[in-house]
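These are my notes from an afternoon of looking things up in one structure. I went from the overall make-up to helix contacts and then to single residues.

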Amino acid sequence: MTGDIWLIETLGWLRASRGAIEHRSFSQKAASLLAYLALHDQPSHPREEVAAMFWPEATGAAGRHSLRTRLYELRRVLEPKGVEPGSVLHADRDSVSLVPGTWTTDVAQFVAAAAEAEGASGARRVDALRAAVGWYRGELLPGFFNAWVLSERRRLAAQHADLLERLLEALCRDGATTEALAVAHRLIATDPLNEEAHVSLMRLYAAEGRTSAALDQYRAYCAVLQDELGVEPSQAAAAFAEGLRRQTLSASIPDLRVGESRAEPAARPPKTALPTVLTKFVGREDELARLGALLIDGDARLVTIAGPGGIGKTRLATAFAGLAERDAGTTIRSLELTDVIDERFVADALAAATGVAHVSGRDLVDAVAEALAAEARPLIVIDNAERVAGAVAELARRLIDAVPALRVLVTSRQALGIRGEVELRLGPLPVPESWERPADLLRNPCVAMYVDRVRAKRADFELTTSNAAAVARLCSRLEGIPLALELAAVRERVLPAAQLIPRLDKRFEVLVGAQRDVPERHRTLSAAIDWSYEALRPEERRAFARLSVFRGGWSLEEAEAICASPETADMLERLCEVSLVDVHDRAEMRRFRMLETIREFALERVDPRERDELHRHHARIFLKLAELAHVYLIGPEQATWYDRIDAEYDNVRAALDWSIRDGDVVTVVRIFVALYRYWPARSRRREARRWMREALERGSERLPRRLFARGLRYAAELGLAEGDLAEAASYLEHARSLVDPNSDPLTAGFIFSGLGHIAARHDEFDEARELLLRGLTVASGVGNPDLLACLENDLGVLEARQRNYEAALERFSASLANYRTIGDETSVVTLLYNLGYLATILRQYERAEAYLTEAIATSRRLGHALGLASSATFLGLLELRRGRADDAAARCREAVDLCLEAGESHRMILALEGLGLALVDTSPVDALMTLAHSSVLREKADLEPVFEDEELTARTVASLTTSLGKSESLRLIAAGRAASTEQVLSRWKS
């Protein structure tokens with residue numbers, strides 16, 4: 001049924017589909033309007049009421065105009081070319097509605113299946129219940145907050161929970177245990193406080209003989225009750241759990257220790273290994289090989305695995321001990337020092353571990369050394385040495401000197417600092433860089449560990465297309481810290497990844513483990529960090545707290561500025577020693593950083609009385625850096641300073657965010673202006689525009705007149721680059737009213753440049769030329785090569801739009817010469833690819849290739865993503881003009897990937913068009929679909945074609961329509977227009 005009419009899905013997402021056609025990319029208002037019309041099925045909705053509901057802040061005329069715009073957007077989707085207008089979406093001057101019989105909704109299907117279940121029995125009732133819960137793919141219209149959505153969302157969620165309960169009851173009665181388990185998990189995810197669901201799940205586990213899983217489920221339920229309500233389970237649930245415990249205790253429990261269980265001869269000390277870990281070893285294969293190379297195959301005598309709490313030091317040592325134990329002749333002795341807090345007792349603990357008894361008058365360490373010397377290849381593993389590091393260092397030194405064959409492996413949050421020690425610094429596991437398919441994600445160590453630990457509690461857990469992205473994001477947010485992953489896995493039964501992510505702002509409260517077989521120090525993230533913090537002196541703790549204001553890292557000079565102490569360097573060294581701070585090099589600079597988890601721990605320890613001033617101090621530091629960068633972001637050090645700001649970008653963003661919240665709009669605009677060359681070079685235009693808008697909204701009246709004008713001018717430039725002509729024009733006219741051309745001719749000249757550019761975009765060529773020439777007169781008067789270059793470029797664009805390509809080439813060449821003079825290589829790249837494209841149009845192919853090849857090389861050196869993407873696109877179009885379709889396709893494919901990576905959606909449209917043109921001979925179907933899809937993107941973005949390519953594209957589509965046939969072509973064009981970008985890309989990437 002639904003294949004012939006539109007299916008409008010609103011549960012879990014918003015999607016409209018009909019047969020093979022699927023559409024998701026609606027604007028927010030159009031999506032909300034479509035959902036409202038679909039879910040409020042009535043013959044008509046008065047236009048005035050609809051406009052007032054969706055645009056309450058607009059006047060009557062403005063609201064009606066907005067409604068017309070959104071109806072037009074919906075009509076293009078629901079009634080594409082070839083479909084009679086008004087056949088699906090009815091709209092007259094008085095009312096709007098969806099035409100009955102042309103559509104249905106998933107909500108209607110859900111309600112119908114629920115109603116069928118209500119009146120059915122037996123297998124038919126179970127099938128209807130399955131169908132109903134199958135239609136419920138998530139809450140109604142996630143991300144929408146209209147009043148009517150919220151009330152309907154609650155009603156449908158309650159109905160869904162009721163249906164799950166009835167389905168679970170029926171499945172349990174029928175003995176369908178496997179399906180019942182899945183439904184019980186789904187019901188608990190819907191309502192974590194539903195005791196009946198938890199008890200049902202416990203009974204199902206028990207029925208399968210999985211008593212341990214049943215008890216784990218009970219503990220999870222206890223934890224969620226405590227977290228959410230601070231209460232205990234009912235007496236009935238507790239009694240059932242107690243019965244399971246008694247059953248478990250009465251069963252025989254095998255010895256789970258590593259190694260053989262036979263008794264050792266009395267004359268030989270007991271063999272001791274690290275405690276057994278029953279979970280899979282994941283993600284440290286390289287470090288394991290490094291330990292083997294050092295301690296088994298190499299000459300190292302003492303290796304210390306160092307790192308912060310929860311990073312996996314003990315787990316790595318355990319895995320290595322298992323490997324070493326299998327090595328012929330190697331004897332393992334382990335020493336766990338978590339509970340040893342007095343250095344005087346370290347030797348006693350080692351003696352106990354090696355089976356050496358106290359003998360009056362004999363040194364205990366000498367006795368241990370004598371016992372170890374009797375072994376062919378002894379290895380001592382000393383775990384958690386940080387509390388008694390001094391005694392461990394002395395002990396290790398003496399034993400290594402006395403026993404030539406001895407190897408020592410230590411785990412500690414800080415190195416021992418003695419001669420011959422090799423430090424293996426352990427960092428987080430690598431996090432997933434993108435949300436790939438489940439099979440690909442499982443190769444990532446973080447994801448593999450999380451899935452393995454969840455399966456230890458939930459054997460039925462699988463990584464699927466529906467949960468893979470959430471799991472990948474969770475692993476990324478947890479920064480690859482093994483302990484955090486372990487604790488998150490414990491919570492998965494109650495808080496799956498998608499629900500846990502929003503709670504990570506309170507990660508120290510949420511990530512609390514319920515395992516009873518792990519040390520207390522590993523039951524919470526806070527406990528894992530706490531020892532290192534307690535080991536600090538008061539002044540070091542204060543420095544640690546103040547350093548938490550940095551985001552993404554900091555330099556020594558910045559630390560000195562924020563800590564205001566002559567001992568900052570020494571304190572940083574100490575923080576590195578105890579693994580609270582890490583040190584690394586970036587952009588030829590020594591930098592320091594904290595894991596985000598540790599930073600949050602530190603931030604909680606900032607004195608509340610100085611928190612605001614600390615953030616203001618931080619903002620001042622990065623305002624000063626931005627204004628210093630302004631001097632160097634043009635000239636021979638441009639690339640170096642791009643890298644410098646890249647390294648500090650998280651701090652720059654934090655300074656801007658704080659200043660916005662603090663109402664300090666002057667600091668925001670000063671940073672915005674100082675980095676005006678950086679924003680486009682690093683594809684951060686949209687973010688920069690957002691800060692400028694927020695600053696203007698929060699207090700433009702507090703801005704000095706000249707600063708205000710400069711901010712508006714740069715904001716307009718960014719808007720022009722993104723095709724937002726209306727906002728750019730508004731900003732420029734406002735700036736024009738603020739600027740006196742006599743006192744600030746430079747800013748006035750740039751304003752003329754921007755206004756002339758806008759006029760040219762509107763095809764008002766005479767006005768554009770007048771404005772640009774006025775600007776050129778100003779530029780000649782002040783002799784500023786930057787302004788001259790800008791205006792020559794704008795005049796070149798004007799000539800090109802009028803098809804005066806030779807004149808445009810001269811203007812671009814003059815602009816390029818000026819930019820080369822001042823050393824602005826980012827702008828040089830722009831002129832090079834403009835020149836390359838013009839030379840292509842003029843069939844000067846060798847000249848075009850030279851320009852574009854230089855643009856690509858310069859872009860790579862600068863790390864200029866937009867320049868690289870643009871140059872690759874124009875090089876693809878050059879190859880197309882030369883008749884080299886395969887080379888053109890390869891270039892355009894590369895350009896699309898570069899645009900996606902840089903977030904450059906506008907340039908990607910041109911790259912997609914180039915790709916479509918290049919595929920005409922090899923894959924005409926894909927070519928037509930790609931061109932159709934790029935045309936939709938261009939319409940949505942309100943982008944105009946680049947120079948002559950509109951005609952080329954139109955001719956190509958006409959040719960493909962002729963060769964493929966009109967009927968097939970219309971089908972492919974409709975499919976291309978309805979497809980998502982991901983679907984189109986998957987066709988030619990596969």
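Before anything else I fixed what I mean by a helix: a DSSP run of H or I with at least four residues, numbered from the N terminus. With that settled, I noted that Arg-803 lies in the loop between helix H37 (785-801) and helix H38 (805-822), and I kept in mind throughout that this is a predicted model.

**Entry 1: two loop residues.** I stayed with Arg-803 and read its backbone, where phi is positive at about 65 degrees although the residue is not a glycine. Its relative accessibility is 41%, and because buried means under 20% and exposed over 50%, I entered Arg-803 as partly exposed. I then turned to Asp-763, which sits in the loop between helix H35 (745-761) and helix H36 (765-782). Asp-763 also carries a positive phi, near 65 degrees, in a residue other than glycine, and with a relative accessible area of 46% I entered Asp-763 as partly exposed.

**Entry 2: the whole chain.** I counted 47 helices and 14 strands in the protein. Of its 990 residues, 52% count as buried. I also looked at how contacts are spread along the sequence, and found that, among contacts with a separation of 6 or more, 68% join residues 24 or more positions apart.

**Entry 3: the nonpolar cores.** Which residues touch the most other members of the largest nonpolar core? In this core of 157 residues I found them to be Phe-544, Leu-547, Trp-554, Phe-672, Leu-675 and Trp-679. Helix H39 (residues 825-841) gives the core its largest share, which is 10 residues. I followed Leu-675 further and, leaving out residues up to four places away in sequence, listed its contacts as Ala-626, Ala-629, Leu-633, Ile-645 and Val-652. A second core, separate from this one, has 74 residues, and I noted Leu-7, Val-88, Ala-113 and Ala-184 among them.

**Entry 4: H32 against H33.** I took helix H32 (residues 685-699) and helix H33 (residues 705-721), whose axes are 10 Å apart and whose packing angle is about 140 degrees. Angles over 145 degrees would count as roughly antiparallel and 65 to 115 as roughly perpendicular, and I therefore recorded H32 and H33 as oblique to each other. The crossing in which H32 passes H33 is left-handed. On the H32 side the contact is made by Arg-685, Ala-688, Arg-689, Met-692 and Leu-696, while H33 brings Phe-708, Gly-711, Leu-712, Ala-715, Leu-718, Gly-719 and Ala-721. Sorted by class, the residues of this contact are eight nonpolar, two polar and two charged.

**Entry 5: H17 against H18.** What is the orientation of H17 and H18 to each other? The axes of helix H17 (residues 445-457) and helix H18 (residues 468-477) come within 9 Å and cross at roughly 110 degrees, and I therefore wrote H17 and H18 down as roughly perpendicular to each other. Their contact is made by Cys-446, Val-447 and Tyr-450 of H17 together with Val-471, Leu-474 and Cys-475 of H18. I sorted the contact of H17 with H18 by class and found six nonpolar residues, no polar ones and no charged ones.

Still in H17, I looked up Arg-455, which is partly exposed with a relative accessible area of 34%. Leaving aside neighbours within four places in sequence, Arg-455 is in contact with Phe-461 and Glu-462. I also recorded that the C-alpha atoms of Arg-455 and Ala-489 are 8.6 Å apart in space, although the two residues are 34 residues apart in sequence.

**Entry 6: two residues inside helices.** Is Ala-393 buried or exposed? I placed Ala-393 in helix H15 (residues 389-402), and its relative accessible area of 8% makes Ala-393 buried. Not counting residues up to four places away in sequence, Ala-393 touches Leu-416 and Ile-418. From the C-alpha atom of Ala-393 to that of Ala-415, 22 residues apart along the chain, I noted a separation of 9.3 Å.

The last residue I looked up was Thr-956, in helix H45 (residues 949-964). Thr-956 is buried as well, with a relative accessible area of 12%. Setting aside its neighbours within four places in sequence, I listed Leu-917, Val-920 and Leu-931 as the contacts of Thr-956.

Technical notes:
Residues numbered from 1 in each chain as written. Predicted model: local features only at pLDDT ≥ 70, side-chain atom pairs only at ≥ 80, totals over all residues. Heavy atoms only, no water. Axes fitted to C-alpha atoms, helices over the stretch in contact; angles between N-to-C directions. Parallel < 35°, antiparallel > 145°, perpendicular 65-115°, else oblique. Left-handed = near helix turned anticlockwise from the far one by under 90°. Contact = heavy atoms within 4.5 Å. Nonpolar A, V, L, I, M, F, W, Y, C, P; charged D, E, K, R; others polar. Buried < 20%, exposed > 50% of the residue type's maximum accessible area, 1.4 Å probe, protein only. Core = buried A, V, L, I, M, F, W, Y, C linked by side-chain atoms within 4.5 Å.
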